[in-house]
Amino acid sequence: MERERLIFHIDVNSAFLSWESVDRLKKDPTALDLRTIPSAVGGDASKRHGIVLAKSTPAKRYGVTTGEPLAQALKKCPHLMVVPSHFEIYVASSRRLLKLLEEYTPDIEKFSIDEAFLDMTETIHLFGEPLAVADGIRRRVREELGFTVNVGISSNKLLAKMASDFEKPDRTHTLFPAEVPEKMWPLPIRELFLVGGAAQKKLESLGLHTIGELAHSDPELLALHLGGKYARLIHDYANGLDSEPVAERTAMNKGYGNRITLSRDVSDMEEARHVLLSLAETVGARLRADHVLCNQVCVELRDWRFHSSSHQGALHFATDSTSVIYEEACRLLEEFWDRTPVRLIGIRTGKISDHGFVQMSLFETEQDRKRLEMEKAVDAIRSRFGTDSVKRASFLAKDSLVDHAASKHKHLGNQKGDPHETDTDL
Ligand SMILES: [Mg+2]
């Protein structure tokens with residue numbers, strides 16, 4: 001019998017919007033606090049292009065949702081204040097949060113830009129009672145960093161993550177196994193981690209509407225409809241079972257990725273390349289911000305039937321260059337995509353290494369070096385003047401499907417099973 005673990009899941013409330021707001025207030029203490037009005041972080045607001053990357057709680061009341069086109073959000077809420085995204089601010093804010101959390105345990109897994117798991121099993125005795133420690137973390141984040149987080153507490157990652165999603169903002173919740181029937185089973189099935197829209201529909205067609213109903217369903221029947229691996233996973237999850245360890249710090253380097261659910265199906269190579277460039281921009285910026293290089297690029301697709309596929313390739317030399325990642329991604333896409341209309345496109349990078357340990361390969365040309373210098377300059381300009389201050393010419397096209405620096409930054413971490421939809425509420 002395994003010893004009971006103590007896991008905290010930290011989730012930033014309305015992350016992009018809060019970080020944007022904190023940054024504005026830092027520069028101008030009299031600035032409007034975006035969190036208090038209907039507002040959204042989106043792309044090019046003046047042209048009504050782009051999608052909602054994050055919205056304030058008041059905007060949520062108008063029905064504004066993450067991922068919807070800005071034009072649609074503005075129809076729901078005409079006085080919605082839309083501000084452009086500043087990705088570098090978010091990376092820096094995420095880092096500050098992680099630094100604070102590192103004071104509590106060395107066992108941290110950065111799960112996404114605004115979420116982290118802390119294994120507190122070995123260190124909790126240094127700080128006190130779990131609830132009081134969690135409240136202390138929340139207070140420190142609020143007072144020292146200016147934004148708020150939810151803390152979920154349990155004995156495994158899944159339940160801690162479910163707990164942090166309960167009432168927001170700035171709250172601590174527990175969800176220990178004994179509390180599962182009361183706190184988790186009444187919830188609609190969609191609330192369960194890794195249950196996306198497609199799985200929800202299938203489960204509902206089987207008469208399963210709550211997490212409790214799923215927990216008590218026949219695993220064999222589930223496997224018939226959802227595939228064995230995924231069925232087992234969500235059946236376990238519904239029963240509160242998860243034995244995944246909090247990945248060690250080195251495992252945080254597993255990969256940097258980004259994917260986006262598109263507002264319509266894409267079957268055209270040009271459009272798909274456009275999306276890849278947008279994704280490569282954010283992935284490259286994150287590699288550069290963390291001073292690491294990748295040696296591997298993977299393209300993932302999900303088609304309109306929610307069938308997922310991916311294709312990966314090794315690079316000749318380690319890189320953090322947007323252009324290199326983009327070109328490799330295009331090459332991979334050409335190789336494996338049969339033009340089945342897709343709804344989701346993603347880029348993942350892997351085999352991450354530190355700058356210090358990398359021997360620049362002979363394959364690296366002077367042109368590559370210049371390109372990289374240019375990209376670093378762009379990063380610097382963007383961090384000062386905003387993501388929209390520099391754009392690639394191809395994004396100036398009128399009917400742009402995606403923003404030039406796409407949203408949805410999702411580390412899959414050491415997540416197992418089918419990467420079904422994992423819509424993160426940023
Ligand atoms: Mg969040």
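Strands here are DSSP runs of E with at least two residues, numbered from the N terminus. By that rule, Ala318 has its place in strand 11, which covers residues 308-319. The model you are looking at is predicted, so treat this briefing as a guided walk through a computed structure. We start with the sheets, then visit the magnesium ion, the aromatic rings and a few helices.

**The sheet of 5 strands**

- One open sheet has 5 strands in the order 5-6-1-7-8, and its pairing is mixed.
- Strand 5 and strand 8 (172-174) are at the edges with a single partner strand each, so each has one side without a neighbour in the sheet.
- From one strand to the next, the twist averages 20°.
- Helix 7 (residues 157-164) packs on this sheet and touches strand 1, strand 5, strand 6, strand 7 and strand 8. The direction of helix 7 makes about 145° with that of strand 7.

**A closer look at strand 1**

- How many residues of strand 1 are buried? The count is 6 of the 6, so strand 1 is largely enclosed by the rest of the structure.
- In a regular strand, side chains alternate between the two faces of the sheet.
- You can follow this in strand 1: Ile7, His9 and Asp11 point one way, while Phe8, Ile10 and Val12 point the other way.
- Strand 1 runs antiparallel to strand 7, and 6 bridges join them. Among the bridge partners, Val12 goes with Val149 of strand 7, and Asp11 goes with Asn150 of strand 7.
- Strand 1 also pairs with strand 6 in the antiparallel sense, over 5 bridges. Here Phe8 stands opposite Leu118 in strand 6.

**The magnesium ion**

- Which residues are the protein donors of the magnesium ion? They are Asp11 (OD), Val12 (O) and Asp114 (OD), at 2.1 to 2.5 Å from the ion.
- Along the sequence, these donor residues follow the spacing D-V-x101-D.
- Asp11 belongs to strand 1 (residues 7-12), and Asp114 to the loop between strand 5 (108-112) and strand 6 (115-119), so the pair ties together parts that are 103 residues apart in sequence.
- Asp11 and Asp114 are both buried.

**Aromatic rings**

- The structure holds 8 aromatic pairs.
- One of them joins Trp19 and Phe147 edge-to-face, with 5.8 Å from centre to centre and 80° between the planes.
- Trp19 lies in helix 1 (residues 15-27) and Phe147 in the loop between helix 6 (130-145) and strand 7 (149-154), so this pair ties together parts that are 128 residues apart in sequence.
- Are Trp19 and Phe147 buried or exposed? Both Trp19 and Phe147 are buried.
- Ring pairs also link Phe16, Trp19, Tyr90 and Phe147 into a cluster.
- Elsewhere, the charged end of Lys157 sits over the ring of Phe117, 5.2 Å from the ring centre.

**The sheet of 3 strands**

- Another open sheet has 3 strands in the order 3-2-4, again with mixed pairing.
- Strand 3 (54-55) and strand 4 (81-84) are the edge strands, each with a single partner strand, so one side of each is left without a neighbour in the sheet.
- Strand 2 (residues 39-42) pairs with strand 4 in the parallel sense, over 4 bridges. In this pairing, Ser39 stands opposite Met81 of strand 4.
- Helix 1 packs on this sheet and touches strand 2, strand 3 and strand 4. The direction of helix 1 makes about 100° with that of strand 2.

**Helix 9 and its surroundings**

- Gly197, Ala198, Ala199 and Leu203 are the buried residues of helix 9 (residues 197-205).
- These buried residues pack against helix 10 (211-215), helix 11 (219-226) and helix 12 (228-238).
- Just after helix 9, Gly207 takes a positive phi of about 85°.

**Two buried alanines**

- Why does Ala318 count as buried? Its relative accessibility is 8%, and buried means under 20%.
- Ala318 and Val292 are 26 residues apart in sequence, and their C-alpha atoms are 9.1 Å apart in space.
- Ala280, found in helix 13 (residues 269-289), is buried with a relative accessible area of 0%.
- Leaving aside residues up to four places away in sequence, Ala280 touches Thr322, Ile325, Tyr326 and Ile347.
- Ala280 and Glu327 are 47 residues apart in sequence, and 9.2 Å apart in space from C-alpha to C-alpha.

How values were computed
Residues numbered from 1 in each chain as written. Predicted model: local features only at pLDDT ≥ 70, side-chain atom pairs only at ≥ 80, totals over all residues. Heavy atoms only, no water. Phe/Tyr/Trp six-rings, centres within 6.5 Å; stacked < 30°, edge-to-face > 60°. Buried < 20%, exposed > 50% of the residue type's maximum accessible area, 1.4 Å probe, protein only. Lys NZ or Arg CZ within 6 Å of the ring centre and 35° of its normal. Donors = N, O, S within 2.8 Å, 3.2 Å for Na, K, Ca; no water. Contact = heavy atoms within 4.5 Å. Pairing = 2+ DSSP bridges. Axes fitted to C-alpha atoms, helices over the stretch in contact; angles between N-to-C directions.
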